[in-house]
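Could you walk me through this structure? I'm new to it and would like to know what to look at, from the overall build down to single residues.

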Amino acid sequence: MPTTLGSPSFHYWDSVDPATFLAHDWENPSRAWATTRALEAARAGDGTLLEVGPGPGVDYARAFREAVLAGALQYSAVEGSGTLHAALAARYPEATWRCEPLLQLGPASADVVYARHVLEHQPALQPALSILLAAARRTVVLTWYRPPGPRAFGETWKGVPCQTYARADVLAGIAEAGFRIVASERVDGDEAWVLERT
C-alpha cells in the first residue's frame, strides 16, 4: 500500500489475524462509552458515521451494525491495513469499507467521525489531527490509549509508531479546527472525548 503525505502504510498490521487482532482490548469499557456517544451523535444529526481505523470491526459489529442493517445509520470506514480491510469487506458486505490511510480523508466526509487508538500511530500530530477533524461535519469521537500528556514523545514498538502528544498541542489543534471537547471519560486506561464544532 502506498504512503501518502508522510502517512504510514500500515503494512505492519497486514500480518495479523483479523479474527483475533487486539482481542485483549475487545472488552474494554471505553468502547461502549465512545460508541454509544458516536451513535447518539449520528442519530441526532443526519445519520452518517465514518469510522477511521476499524481494525477487526469489533465496534462495527457490536455497536453500529444493527443500525446499519435496520437502515437507520449510513456507516462507512477507512482502514489502512490491506489484510484487515479485506476481512472487513468479506465479513460485513453491507457496509462501505475503503482501504486508505487517515491522511487521505476528504473534508466533510460524514456528520460524525469515530476513531479509536488511531492518532497515536500517525507519524506526527499534524496534519493528522486537522485532517481527521475536517472529515467531520459536526462531531468527532476520539479514544486515546495513550492520552495526551504534559510533553510529546514517541517510540516504535515492533515496527509500529506509538505517539504520546503534548496535551497543549492537541487542545490548540482542536480549537484551531473549530471544535471543543463537550464530554470526556477516563475508562480502564483509555481517555475518550466527544468533540463538537463550535
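In which loop does aspartate 188 lie? Start there, keeping in mind that this is a predicted model. Aspartate 188 sits in the loop between strand 8 (179-187) and strand 9. Its phi is near 50°, a positive value in a residue other than glycine. Aspartate 188 counts as exposed because its relative accessible area is 58%, and the cut-off for exposed is over 50%.

Now compare another residue with a positive phi. Histidine 117 has phi near 55°, and it isn't a glycine either. You'll find histidine 117 in the loop between strand 4 and helix 4. Here the relative accessibility is 16%, so histidine 117 counts as buried, given that buried means under 20%. That loop between strand 4 and helix 4 also holds proline 127. The peptide bond that leads from glutamine 126 to proline 127 is cis, with omega near 15°.

Let's step back and take in the whole chain. It has five helices and nine strands. Going from the N terminus, the order of the elements is α-β-α-β-α-β-β-α-β-β-β-α-β-β. Along the principal axes, the C-alpha atoms fill a box of roughly 45 × 40 × 30 Å. Is that what you'd expect of a compact globule? What radius of gyration would such a globule have with 198 residues? The rule gives a value near 16 Å, and the chain has 15 Å, so the two agree. Of the 198 residues in the chain, 54% are buried. Contacts across long stretches of sequence are part of the picture too: among contacts with a separation of 6 or more, 68% are between residues 24 or more positions apart.

What's on the inside? In soluble globular proteins, nonpolar side chains tend to be buried together. In this model the largest nonpolar core has 28 residues, and the members that touch the most others are Val52, Leu102, Leu105, Leu119 and Leu132. Two or more residues each come from strand 1 (48-52), strand 4 (110-116), helix 4 (128-134), strand 5 (136-144), helix 5 (167-176) and strand 9 (190-197). Helix 4 gives the largest share of this core, with five residues.

Pick out leucine 105 for a closer look. Which residues does leucine 105 contact, leaving aside its neighbours within four places in sequence? The list is Leu50, Val52, Val78, Arg98, Glu100, Ile131, Leu132 and Ala135. Apart from the largest core lies another one, of 23 residues, which includes Val68, Leu73, Tyr92 and Val141.

Next, the empty spaces. Rolling a probe the size of a water molecule over the atoms shows where empty space is left. The largest pocket has a volume of about 560 Å³. It is lined by 31 residues, and those closest to its centre are Trp13, Phe21, Leu22, His117 and His121. So histidine 117 turns up again, as one of the residues closest to the centre of this pocket. Strand 1, helix 2 (58-69), strand 2 (74-79) and strand 7 (160-164) each supply at least two residues of the lining. By class, this lining has 17 nonpolar, seven polar and seven charged residues.

The second largest pocket holds about 180 Å³ of space. Its lining has 14 residues, with Pro18, Pro56, Gly57, Arg91 and Tyr92 nearest the centre. Helix 2 and helix 3 (82-91) are the elements that give two or more residues to this lining, and helix 3 has the largest share, four residues. The lining divides into 10 nonpolar, two polar and two charged residues. Tyr92, beside this pocket's centre, is also a member of the core of 23 residues.

Finally, how many cavities of 30 Å³ or more does the whole structure contain? The search finds one, with a volume of about 30 Å³. Ala115, Arg116, His117, Val118, Leu119, Glu120, Leu142, Thr143 and Trp144 line it. Strand 5 gives the most to that lining, with three residues, and strand 4 supplies at least two. Five of the lining residues are nonpolar, two are polar and two are charged. Histidine 117 is in this list as well, and Leu119 is one of the core residues that touch the most other members.

Technical notes:
Residues numbered from 1 in each chain as written. Predicted model: local features only at pLDDT ≥ 70, side-chain atom pairs only at ≥ 80, totals over all residues. Heavy atoms only, no water. Core = buried A, V, L, I, M, F, W, Y, C linked by side-chain atoms within 4.5 Å. Buried < 20%, exposed > 50% of the residue type's maximum accessible area, 1.4 Å probe, protein only. Contact = heavy atoms within 4.5 Å. 1 Å grid on protein atoms, 1.4 Å probe; cavity = no way out; pocket = protein on both sides within 12 Å on 5 of 7 lines; lining within 4 Å. Points joined across faces, edges and corners; volume = space filled by probe spheres on them. Nonpolar A, V, L, I, M, F, W, Y, C, P; charged D, E, K, R; others polar. Rg over C-alpha atoms; globule rule 2.2 N^0.38 Å.
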